[in-house]
Amino acid sequence: MSKQEVILCEGLANSLTHAIAKCPHDKLFILTDEHTHRLCRPHLDGIPALEEAEEIIIGAEDVHKNMETLAAVWQALSEKGASRHSLLINLGGGMVTDLGGFAASTFKRGIAYINVPTTLLAMVDASVGGKTGINFNGLKNEIGVFAPAACVLLETEFLRSLDAHNFFSGYAEMLKHGLISTPEHLAELLAFDTEKIDYALLKSMVGRSVQVKERIVEEDPLEHGIRKALNLGHTVGHAFESLALAERRPVLHGYAVAWGLVCELYLSYIKTGFPKDKMRQTIQFVKENYGSFTFNCKQYDQLYELMKHDKKNTAGVINFTLLKEVGDICLNQTADKETIFEMFDFYRECMGV
Ligand SMILES: NC(=O)c1ccc[n+]([C@@H]2O[C@H](COP(=O)([O-])OP(=O)(O)OC[C@H]3O[C@@H](n4cnc5c(N)ncnc54)[C@H](O)[C@@H]3O)[C@@H](O)[C@H]2O)c1
Ligand SMILES: O=C(O)C(=O)C[C@@H](O)[C@H](O)[C@H](O)COP(=O)(O)O
Ligand SMILES: [Zn+2]
């Protein structure tokens, strides 16, 4: 997999113009969702390289990260005359970059694409690293391919229009990066004033956070080993997200990850000796900022079944990424059903569910 260029922009117009020039193309397409078309597309007005670009607009949020939307994007590319040599710009959050990246990398066996992430989550995580795909059969990212964007342009000015829920959703993936990197990075995240956002400081933290991901992806782009660290919190988090989707009470991905981190830090504490004080400190942050996902003990089996679909699993054995310490990662950890149910009991008790 080719190395991906990730640029923390000082001026999006210049960076985008250069990025487009580096991708020879016959036709240019811009993919947005209905919100980013309204809120973010105007930031690109007046860029000469985009003058002839065709627009493709899809529905917003994860309920649209599906086959129907994917087919609609293929259809639009086909009808608007895209060729093997066309270029797609994904302007949006992780939903747009995941689905747009998958549409691009499968259309005519693959056209180039550039990601311009507009949410915190997409900037620090989704737009980088080449995981693309859609949800299918009630499961997260069940269909997809590894296919990196030619270039990822991070313009943190977009974050000024993000609502608090989507801010915290992205912040959960930053916390995950803190937990798998260094105590200093985690401490900085836990101390950040999320009520009165200092956007200059946030920009530098976005830079540090995305670097955690970049370094890991560079070492293991196809998730044979260390990339599984980026999945901390997701074995349980994706099960929460799928259950919520099935019950028509969808939750934001980062919220599911935050609650998944609570569960998987507990597993880390009992199985790999993660320090109790650091577990409590992180859980406190989650309790204060994310509320809780409600479920009862009758749903444990359903969550367990969902976890059996995790992509890290082999031969039906549920695979977790756990921690011995902040930054000390234990891959390929398993837990029996009894321990997993004990973990759910812990979650419900400490989150007051
Ligand atoms: N590929 C990966 O490595 C990876 C990593 C993490 C998450 N993901 C996926 O990313 C998706 C979540 O991404 P997300 O959190 O960005 O959600 P999203 O793309 O659904 O965006 C959330 C909402 O914010 C709106 N929005 C986007 N930019 C905005 C802006 N600047 N101002 C105001 N509103 C804006 C969107 O229109 C949407 O309504 C999930 O599907 C998740 O599975 C993928
Ligand atoms: O980039 C990765 O690798 C990750 O695991 C990042 C996650 O935050 C992200 O949610 C990813 O889409 C999960 O991938 P999946 O393989 O568990 O579907
Ligand atoms: Zn994630």
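Author: Welcome! Let's start with a definition: a residue is called buried under 20% relative accessible area, exposed over 50%, and partly exposed in between. Please keep in mind that this is a predicted model.

Reader: Thanks! Is Glu61 buried, exposed or partly exposed?

Author: Glu61 sits in the loop between β3 (54-58) and α3 (67-79). Its relative accessibility is 41%, and the in-between class runs from the buried limit of 20% to the exposed limit of 50%. Because 41% falls in that class, Glu61 counts as partly exposed.

Reader: What is the phi of Glu61 near?

Author: Glu61 is a residue other than glycine, and its phi is nevertheless positive. The value is near 85°.

Reader: And Asn137, is that residue buried or exposed?

Author: Asn137 is found in the loop between β6 (131-136) and β7. Asn137, which is not a glycine, has a positive phi of about 60°. Its relative accessibility is 62%, and the limit to pass is 50%. Asn137 therefore counts as exposed.

Reader: Where is Ala19, and is Ala19 buried or exposed?

Author: Ala19 belongs to helix α1 (residues 12-21). Its relative accessible area is 7%, and the cut-off to stay under is 20%. So Ala19 in α1 is buried.

Reader: How far apart in space are Ala19 and Glu5?

Author: Along the sequence, Ala19 and Glu5 are 14 residues apart. In space, going from C-alpha to C-alpha, the distance is 9.5 Å.

Reader: How far apart in space are Ala49 and Met307?

Author: Ala49 lies in the loop between α2 and β3, and at 31% relative accessibility Ala49 counts as partly exposed. Ala49 and Met307 are 258 residues apart in sequence. From C-alpha to C-alpha, they are separated in space by 45 Å.

Reader: Let's turn to the ligands. Which residues come nearest to ligand 1?

Author: Ligand 1 has 28 residues around it. By type, they divide into eight nonpolar, ten polar and ten charged. The nearest are Glu61, Asp62, Gly94, Thr118 and Thr119.

Reader: How far is a side-chain N or O atom of Glu61 from an oxygen atom of ligand 1?

Author: Two other residues help set the scene: a side-chain N or O atom of Asp33 is 2.8 Å from an oxygen atom of ligand 1, and a backbone N or O atom of Gly94 lies 2.7 Å from an oxygen atom of ligand 1. For the side chain of Glu61, the distance from an N or O atom to an oxygen atom of ligand 1 is 2.4 Å.

Reader: Which elements each supply at least two residues of the shell around ligand 1?

Author: The shell around ligand 1 takes at least three residues from each of domain 1 (3-159) and domain 2 (163-195 + 224-349). The elements that each supply at least two residues are α2 (34-39), α4 (94-106), α5 (120-126), β7 (139-146) and α6.

Reader: Where does ligand 2 lie with respect to domain 1 and domain 2?

Author: Ligand 2 is surrounded by 14 residues, the closest being Asp125, Lys213, Arg227, Asn231 and Lys311. Both domains give residues to this shell, so ligand 2 lies between domain 1 (3-159) and domain 2 (163-195 + 224-349).

Reader: How much of the accessible area of ligand 2 does the protein cover?

Author: Polar side-chain atoms reach oxygen atoms of ligand 2: one from Lys213 at 2.7 Å and one from Lys311 at 2.6 Å. On its own, ligand 2 has 430 Å² of accessible area. The part that the protein covers is 92%.

Reader: Which residues are the protein donors of the zinc ion (ligand 3)?

Author: Along the chain, the donors follow the spacing E-x60-H-x18-H. They lie 2.0 to 2.1 Å from the zinc ion. The donors are Glu173 (OE), His234 (NE2) and His253 (NE2).

Reader: How many residues apart in sequence are the parts that Glu173 and His253 tie together?

Author: Glu173 and His253 are both buried. Glu173 lies in helix α6 and His253 in helix α10 (residues 253-271), so the pair ties together parts whose separation in sequence is 80 residues.

Methods:
Residues numbered from 1 in each chain as written. Chains lettered and ligands numbered in written order. Predicted model: local features only at pLDDT ≥ 70, side-chain atom pairs only at ≥ 80, totals over all residues. Heavy atoms only, no water. Near = heavy atom within 4 Å. Polar contact = N/O pair within 3.5 Å; in protein donor to acceptor, adjacent residues only side chain to side chain. Areas by Shrake-Rupley, 256 points an atom, 1.4 Å probe, with all protein chains shown as cover. Domains from an automatic or database assignment. Donors = N, O, S within 2.8 Å, 3.2 Å for Na, K, Ca; no water. Helix = DSSP H or I, 4+ residues; strand = E, 2+ residues; numbered from the N terminus. Buried < 20%, exposed > 50% of the residue type's maximum accessible area, 1.4 Å probe, protein only. Nonpolar A, V, L, I, M, F, W, Y, C, P; charged D, E, K, R; others polar.
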